[in-house]
Every structure is written in C-alpha cells, then in structure tokens.
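The following exercises concern helix packing and ring geometry. Please examine the structure before working through the solutions.

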Amino acid sequence: MELQIKRSLDALLVAIAAGDGQVIAQEMVKLDEFLAIGRAAMHPQLAHFLQNRSYAKAQMFLSGSDDIPAGICGGGRQPRG
C-alpha cells in the first residue's frame with residue numbers, strides 16, 4: 001500500500017503546484033481511503049502525517065528522509081520497524 005500512497009502523494013503535490021482542484025480533491029479522497037483501510041498495518045508516523053494532511057511530510061517519510069521537520073506536535077522522525 002505504501003507504493004500506492006506514494007503515487008497518490010506525488011500526484012497530489014503536482015496538482016497543488018498546477019492548481020488543479022479536481023485532481024487535488026480526487027487524491028485527497030484516495031489518501032483518506034488508504035488511511036481508513038490500512039491504518040492498522042501502517043507505520044504510526046505515516047498514519048499521523050496522513051491524518052493531519054501533512055502530505056509533504058508523508059512523502060518525505062516514504063522517500064526515507066531523515067530530516068522531516070518537526071511540526072507543532074514536536075515530533076521528529078521515528079524509526080521504522
């Protein structure tokens with residue numbers, strides 16, 4: 001499912017840059033569905049990013065970035081596993 005989420009995030013962020021409201025809405029619905037269906041098996045940090053619609057951070061997480069900026073919750077990257 002992570003690959004599907006990453007593809008959806010990529011499409012969403014491209015649509016945001018292009019100002020394509022229809023694609024933005026479609027991809028947000030998909031991401032909400034991925035979260036609802038896969039939350040139990042999902043890494044908690046990825047679930048947190050998707051729940052809070054921190055899509056750029058979710059994309060960074062899935063890309064393996066170690067320097068995801070802390071948000072207002074104060075969290076940093078947690079180890080996967």
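A residue counts as buried when its relative accessible area is under 20%. The model used here is predicted.

**Exercise 1.** Determine whether Phe 49 and Phe 61 are buried or exposed, and classify the geometry of their rings.

*Solution.* Step 1: both Phe 49 and Phe 61 are buried. Step 2: a search of the whole structure yields one aromatic pair. Step 3: the ring centres of Phe 49 and Phe 61 are 6.4 Å apart and the planes stand at 70°, so the pair is edge-to-face; the cut-off for that class is over 60 degrees. Step 4: the pair links distant parts of the chain, with Phe 49 in helix 3 and Phe 61 in helix 4, twelve residues apart.

**Exercise 2.** Classify the packing of helix 3 against helix 4.

*Solution.* Step 1: the axes of helix 3 (residues 44–51) and helix 4 (residues 55–62) come within 8 Å and cross at roughly 155°. Step 2: helix 3 is therefore roughly antiparallel to helix 4, since angles over 145 degrees fall in that class. Step 3: the crossing is left-handed. Step 4: Gln 45, Leu 46, Phe 49 and Leu 50 of helix 3 meet Tyr 55, Lys 57, Ala 58, Phe 61 and Leu 62 of helix 4. Step 5: by class, this contact comprises seven nonpolar, one polar and one charged residues.

**Exercise 3.** Classify the packing of helix 1 against helix 4.

*Solution.* Step 1: helix 1 (residues 2–18) packs with helix 4 at about 135°, their axes 10 Å apart. Step 2: helix 1 is therefore oblique to helix 4. Step 3: helix 1 passes helix 4 in a left-handed crossing. Step 4: the residues of this contact divide into eight nonpolar, one polar and three charged.

Technical notes:
Residues numbered from 1 in each chain as written. Predicted model: local features only at pLDDT ≥ 70, side-chain atom pairs only at ≥ 80, totals over all residues. Heavy atoms only, no water. Axes fitted to C-alpha atoms, helices over the stretch in contact; angles between N-to-C directions. Helix = DSSP H or I, 4+ residues; strand = E, 2+ residues; numbered from the N terminus. Parallel < 35°, antiparallel > 145°, perpendicular 65-115°, else oblique. Left-handed = near helix turned anticlockwise from the far one by under 90°. Contact = heavy atoms within 4.5 Å. Nonpolar A, V, L, I, M, F, W, Y, C, P; charged D, E, K, R; others polar. Phe/Tyr/Trp six-rings, centres within 6.5 Å; stacked < 30°, edge-to-face > 60°. Buried < 20%, exposed > 50% of the residue type's maximum accessible area, 1.4 Å probe, protein only.
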